[in-house]
Amino acid sequence: MHDDGPRLSGMMLAGGAVAVALIAGAAGWAGARYGSQGAMEEVVRSYILDHPEIIPEAMENLQNREAGKALAEVRGDVERVFPGAVMGNPDGKLVMVEFTDFACGYCRKAVEDVDALIAANPDLKVVIRELPIISPQSAEAARMGLAAAAQGKYPAFHRAMFAAGQPSPEAIESAARAAGLDMAQARAFAESPQVEMELSRNIQIAQQLGFSGTPSWVIGDRMIAGAVGADALAEAIEDARS
């Protein structure tokens with residue numbers, strides 16, 4: 001069982017901070033307008049105490065605003081395709097970015113969801129950002145995935161690697177051969193500075209966006225963490241389309 005104490009305490013502190021900010025901001029505005037800040041502070045305070053449900057709403061709005069700022073700062077890097085590391089329509093105007101790890105069981109379950117979304121949206125480009133953070137073999141599988149991308153065979157490797165189960169040297173080799181890779185070229189490319197730089201960049205981008213696990217998604221202006229299912233992703237795609 002997880003210890004929720006520190007997390008709950010953090011939420012309570014955050015909620016308290018939002019409440020204080022609401023009281024101070026609203027009272028300051030009203031006081032400046034009507035000339036009775038002290039009285040308005042008490043009115044605002046009483047309202048918040050009577051309607052505590054506005055605190056999580058305010059927290060969510062604040063988090064969404066901050067997330068939007070973070071995404072705006074790195075959107076170009078987020079949607080930039082590592083050559084070949086793309087699924088769906090490479091020229092699609094509708095972009096979904098997936099941060100994924102071949103050792104992630106939830107990412108494995110999401111393969112079917114992504115395939116269904118690609119089938120339903122011919123204009124969907126799925127940009128893959130390899131985020132090898134779960135196991136020591138995650139990075140080896142990610143490197144081979146980028147090597148497959150360099151040979152134009154990323155989707156085949158992606159599906160074969162997840163179908164193989166947890167990454168291991170044997171599973172990675174098997175998935176690479178199933179995808180039809182030139183193994184000598186793939187091994188050399190997997191150890192190249194270009195691949196190492198890409199993996200480091202993906203980790204940095206994920207940190208900037210506040211993602212700490214996989215799968216994580218960027219669709220339009222939405223950032224989504226976790227295996228939320230095809231319906232939630234489809235809803236975000238439709239929002240981005242409109």
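**Exercise 1. How many of the residues of strand β3 (residues 124–130) are buried?**

Before we start: this is a predicted model, where local features need pLDDT of at least 70 and side-chain atom pairs count only at pLDDT 80 or more, while totals for chains, interfaces and linings use all residues. Residues are numbered from 1 along each chain as its sequence is written, and side-chain values use heavy atoms, with hydrogens and water left out.

Step 1. Get the words straight. Buried means under 20% relative accessible area, exposed means over 50%, and partly exposed lies in between (1.4 Å probe, protein chains only). Strands are DSSP runs of E with at least two residues, helices are runs of H or I with at least four, and both are numbered from the N terminus.

Step 2. Count. Seven of the seven residues in β3 are buried, so the strand is mostly covered.

Step 3. Sort by direction. In a regular strand, side chains alternate between the two faces of the sheet. Here L124, V126, I128 and E130 point one way, K125, V127 and R129 point the other way, and all are buried.

**Exercise 2. Find the strands that pair with β3.**

Step 1. Two strands pair if DSSP finds at least two bridges between them.

Step 2. Look at strand β1 (residues 86–88): three bridges link it to β3 in the antiparallel sense. V86 sits opposite V127 of β3.

Step 3. Now try strand β2 (residues 94–100). It runs parallel to β3, joined by seven bridges, and V97 stands opposite V127.

**Exercise 3. Work out what surrounds R129 and V126.**

Step 1. A contact means heavy atoms within 4.5 Å.

Step 2. Start with R129, which belongs to β3. R129 has a relative accessible area of 0%, so it counts as buried. Leaving out residues up to four places away in sequence, its contacts include D77, E79, F99, E198 and N202.

Step 3. Move to V126. With the same sequence neighbours left out, V126 touches A85, V86, M87, M96, V114 and I118.

**Exercise 4. Place V126 and V127 in the nonpolar cores.**

Step 1. A nonpolar core is a set of buried Ala, Val, Leu, Ile, Met, Phe, Trp, Tyr and Cys residues joined through side-chain atoms within 4.5 Å.

Step 2. The largest core has 45 residues, and V126 is among those touching the most other members, along with M96, L124, M144, F157, M161 and L181. Helix α5 (residues 136–150) gives the most to this core, with seven residues.

Step 3. V127 goes elsewhere: a second, separate core of 13 residues includes V127, V78, V97 and A206.
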